[in-house]
Amino acid sequence: MTLHIPFDNSYATLPDGFFARVSPEPVKTPSLIAVNANLARDLGIDGLDDPNLAALFSGNALPEGAAPLAQLYAGHQFGQYNPQLGDGRAVLLGETIGQDGTRRDIQLKGSGRTPYSRGGDGRAWLGPVLREYVVSEAMHALGVPTTRALAAVRTGERVVREQPLPGAVLTRVAHSHLRVGTFQVFAARGDTQALQTLFDYAVARHYPDATDPALFLDAVMRKQAALVAQWLSLGFIHGVMNTDNCSIAGETIDYGPCAFMDSYHPETVYSSIDRFGRYSYAAQADIIVWNMAQLATALLSLMPDPEAAVEPFTAQIHTMPEMIRAEWLSRFGKKIGLAHATQEDATLITNLLTLMQDSEADFTNTFRDLCEGTARDQFADSTGFDQWADVWNARLESEDTPMDVMRQVNPALIPRNHRIEEMIAAAVAGDDSLFHRLNTAYATPYADDSHMSDLREPPMPNEVVQATFCGT
Ligand code: AMP
Ligand code: MG
């Protein structure tokens, strides 16, 4: 059979200035690493037995109906506005409407140079491609809104970073690749007409009830507040929350230097380029508000009187910390077994986090062990924990099924950094078995699978990953 993707392309119908039509650059000897059959089925894609999959998912051949293009966007990178970014190493093949009736983008990442490549080579190396494949699919299984991974291919070429490394291409699926930075690029240029066109497109695609910019802003803020609270509840650190990596659809996008923390500390940073901790674990709740303020600023020029809209938009942004706090309380409440945590429960949660911080307790295992009655072992200060547990147990008396509540939100498995690094090193040496094993394990992160119990272990001191790197 031949691969069939039921394309239904809408972005390609937008005005010329929104993108550049560009084909993927062919690669030498593509070979398939993985294709995600479940996701393909959900997207209405068939013909996965096509012998040409490696060519198709590397960009050497185009599936019928594809209309490849690179999208334009801008963005604040570490707080500095960059007026021109865009897909420098990715092309959108097109969109499909899945079994659920939802439109999704299908994008090749690492597919060669585009007019937005600036100094870059348009390529990706194997490490970040496999990392994004495993972590984005794990996030999906954990229940977090995220882009997905449809396929990964080795290119048979070397890309030069600090050293020559094997090249790869990822096929990424997203509810869209509209970013805060997509709004910023037209707003900064004063192109109100393009901004209006983009707004109408985004509303129709993602928030059909948001008939004006204020409603739209509110809808994006709610999605992002829920998303970031969910990241916090899993110990996830995105690592590079630039406005170009902030999705209008509210999903996790761009798995560059992201990481799950092992031992709990709110100031944890992994990204090698995040020197001042702008995107540390706890800072994420503040940075997302900052990012939404940039979206609000971009939307101002759509208002009949932009000057007069500054005040109400500012007031709207000021509602976001409370949104995040409410989402945080609900998520962390469930993590300690409270189906509906109230304001009075917040101290119980923060007291536990403080004890965890003092004991450098493993974030994931401590919460999972709470369901299993073994959490005490995580604490150097067991008296402190016992005192906390007395208060907690008293509070649990008014809950119906606290253990069930906890098991649904406290995973046994998360993609730990040292496992990801180990998997990448094996794949670079030509062994993909760990990659496949991790995908299998992380597909059911809330289950108790004794065959996967080694993946629950935190790193040994010599295995601790100190820094993560952007995917470039
Ligand atoms: P990121 O840090 O992945 O969000 O990328 C930031 C910007 O740099 C985006 O415009 C990317 O398309 C671009 N970029 C990153 N890596 C490369 C590369 N190897 N070649 C060309 N452009 C790149
Ligand atoms: Mg990016």
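This is a short dialogue on reading a predicted model, from its domains to its metal site, salt bridges and open spaces.

Me: Where do the domains lie along the protein chain, and how far apart are their C-alpha centres?

Reply: The domain assignment gives domain 1 as residues 11–75 together with 84–174, and domain 2 as residues 329–407. The C-alpha centres of domain 1 and domain 2 lie 41 Å apart.

Me: Which residues coordinate the magnesium ion (ligand 2), and are they buried or exposed?

Reply: To read a metal site, begin with the atoms that coordinate the ion. Here the magnesium ion (ligand 2) is coordinated by N245 through OD1 and by D254 through OD, at 1.8 to 2.2 Å, and both N245 and D254 are buried.

Me: How many salt bridges are there, and what does the one between D105 and R205 tie together?

Reply: A salt bridge counts when a side-chain nitrogen of Lys or Arg is within 4 Å of a carboxyl oxygen of Asp or Glu, and by this rule the count comes to 30. In the pair of D105 and R205, the closest N and O atoms are 2.7 Å apart. Because D105 lies in strand β7 and R205 in helix α5, this pair ties together parts that are 100 residues apart in sequence, and both D105 and R205 are buried.

Me: Where do R368 and E372 lie, and is each buried or partly exposed?

Reply: R368 and E372 both lie in helix α11, four residues apart, which is about one turn of the helix, and their side chains meet in a salt bridge at 3.5 Å, N to O. R368 is buried, with a relative accessible area of 0%, whereas E372 is partly exposed, at 32%. Both residues also belong to a network of salt bridges that links R368, D369, E372, R407, D448 and R456.

Me: Which residues lie nearest the centre of the second largest pocket, and which element gives the most to its lining?

Reply: For a pocket, read the volume and then the lining. The second largest pocket holds about 470 Å³ of space, and of its 17 lining residues, W125, E162, L165, F469 and C470 lie nearest the centre. Helix α3 gives the most to this lining, with three residues, and the lining as a whole divides into eight nonpolar, five polar and four charged residues.

Me: How many cavities of 30 Å³ or more are there, and which residues are closest to the centre of the largest?

Reply: The structure holds four such cavities, and the largest has a volume of about 70 Å³. Of the 13 residues that line this largest cavity, Q224, W231, H238, N245 and C246 are the closest to its centre; N245 also coordinates the magnesium ion.

Key: Residues numbered from 1 in each chain as written. Chains lettered and ligands numbered in written order. Predicted model: local features only at pLDDT ≥ 70, side-chain atom pairs only at ≥ 80, totals over all residues. Heavy atoms only, no water. 1 Å grid on protein atoms, 1.4 Å probe; cavity = no way out; pocket = protein on both sides within 12 Å on 5 of 7 lines; lining within 4 Å. Points joined across faces, edges and corners; volume = space filled by probe spheres on them. Helix = DSSP H or I, 4+ residues; strand = E, 2+ residues; numbered from the N terminus. Nonpolar A, V, L, I, M, F, W, Y, C, P; charged D, E, K, R; others polar. Domains from an automatic or database assignment. Donors = N, O, S within 2.8 Å, 3.2 Å for Na, K, Ca; no water. Buried < 20%, exposed > 50% of the residue type's maximum accessible area, 1.4 Å probe, protein only.
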